[in-house]
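Thanks for passing this one along. Below are my notes as numbered points, to be read with the model open beside you.

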Amino acid sequence: MPDSVVQMFEAVPPALAWGLGGVAGTLIVATLIMLALPVLKPSGDWTELRHRIWSWWVIIALVVVAMAFGWVGVTVLFAAVAFIALREFLSLAPLRREDRLIVLWAYLTIPLSFGLIVLDQYGIYLVAIPVWFFLITPFLMALAGQTRAYLATVATITWGVIVCVYNLGAIPLLMRVPAEEAPAGAAGMVFLLLLATQANDVLQYCCGKLFGRHKILPTVSPNKTWEGFLGGWVLTAALIWFLAPVFTPLTPLHAALIAFVLPLAGFAGDVTMSAVKRDLGVKDTSRLIPGHGGVLDRIDSLTFTAPLYFHLLAYYALARY
């Protein structure tokens, strides 16, 4: 292995190394259980579980490598994620052939947005996508003389770009903030966001499977229950509050606030995307990730938690922003 790569991994803060080690340990245990289940219960079908766990190994490996390359690696990774997520969304959205120019404009927001992150233009980033994209998109459609389904198309394109591009941009943007007071640096703050968001999904699912009796949104997501939602919320909140001093400069009070609201945001992102898919008549946004569906299926919660987490950290803990 080249010395430069070794040095990058050696520079990882101890707290972050322990955190990543904990995730790897959890996956090892899950892998061993997955390998044992066909022996213990040969009549069961464990194909989806096997695909899910192997996919998690790939996902974690990509995140670790990206973090090893610092803000550049994380920016490249999430620019690629944003592109795939937006592509999945636009491929399912009820768009027309004459909307191709607007679709191209939507894709151009990816280099524009992540380019601003590379240039560390936080203030412009906040305005460029949510405000100017919102204004320019309907103007371009008007110039093209497109009036049929005008409002519906503007709303669809705008929503897709905000969710798939702008919201995800909060993650590499967090890697660029001054993080001298953060015990594990900016990467540690990003790690806590990713860990808490995915843990919330898993814990809500597990609590729902074990204790779920009362459906919470039967017409939107029939498998979700009040027991799963509340159990996942409490456990994830406890995880965030416990780990916040390790990875963030938040005070206990501010950590408690983030612990309270972040699982709610994750749940909101999950059920919102479920409503979108139900409206479009699909179960998954694609089959790119075995056992998980598409990229957008995997990051639906993250599209809501990332901007909330970033802005709360910026307000309470990061003086420059």
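1. Let me start with a charged pair away from the surface: R298 is buried, and D201 is buried as well. The two form a salt bridge, with 3.1 Å between the closest N and O atoms. R298 sits in helix α12 (residues 295-299) and D201 in helix α9 (residues 185-211), so this pair ties together parts that are 97 residues apart in sequence. Please keep in mind throughout that this is a predicted model.

2. A second pair worth a look is D270 with K224, again a salt bridge, whose closest N and O atoms are 3.1 Å apart. Distant parts of the chain are linked here: D270 belongs to helix α11 (residues 252-280), K224 to the loop between α9 and α10 (226-247), and 46 residues separate them. Are these two residues buried or exposed? Both D270 and K224 are buried.

3. E48 and R52 offer a local counterpart. They form a salt bridge, the closest N and O atoms being 3.5 Å apart. Both lie in helix α3 (residues 47-68), four residues apart, or about one turn of the helix. E48 has 47% relative accessibility, so it counts as partly exposed, the range between 20% and 50%. R52, at 34% relative accessibility, also counts as partly exposed. For completeness, a search of the whole structure finds five salt bridges, and the pairs E48 with R52, R298 with D201 and D270 with K224 are among them.

4. Now to the nonpolar interior. The largest nonpolar core has 79 residues, and the members touching the most others are F78, I171, M189 and Y309. Which helix gives the most to this core? Helix α4 (residues 70-92) does, with 10 residues. Apart from this core lies another one, of five residues, including I216, F229, W233 and V271.

5. Y309 makes a good starting point for browsing the contacts. Leaving aside residues up to four places away in sequence, Y309 touches L174, M189, L192, L193, T248, I258 and L262. M189 in that list is also one of the core residues that touch the most other members.

6. L90 is another residue to click on. L90 lies in helix α4, and its relative accessibility is 9%; since buried means under 20%, L90 counts as buried. What does L90 touch, not counting residues up to four places away in sequence? The partners are L95, V103, A106, Y107 and I157. Of these, A106 is 16 residues from L90 in sequence, with a C-alpha to C-alpha distance of 9.3 Å.

7. Finally, the second largest pocket, which has a volume of about 160 Å³. Its lining consists of F89, A93, P94, T156, W159, V276, D279 and L280. By class, that lining has six nonpolar residues, one polar and one charged. Helices α7 (150-166) and α11 each supply at least two of the lining residues, and α11 gives the largest share, three residues. Helix α11 therefore turns up twice in this note, since it also holds D270 of the salt bridge with K224.

Methods
Residues numbered from 1 in each chain as written. Predicted model: local features only at pLDDT ≥ 70, side-chain atom pairs only at ≥ 80, totals over all residues. Heavy atoms only, no water. Core = buried A, V, L, I, M, F, W, Y, C linked by side-chain atoms within 4.5 Å. Buried < 20%, exposed > 50% of the residue type's maximum accessible area, 1.4 Å probe, protein only. Contact = heavy atoms within 4.5 Å. Salt bridge = Lys/Arg side-chain N within 4 Å of Asp/Glu carboxyl O. 1 Å grid on protein atoms, 1.4 Å probe; cavity = no way out; pocket = protein on both sides within 12 Å on 5 of 7 lines; lining within 4 Å. Points joined across faces, edges and corners; volume = space filled by probe spheres on them. Nonpolar A, V, L, I, M, F, W, Y, C, P; charged D, E, K, R; others polar.
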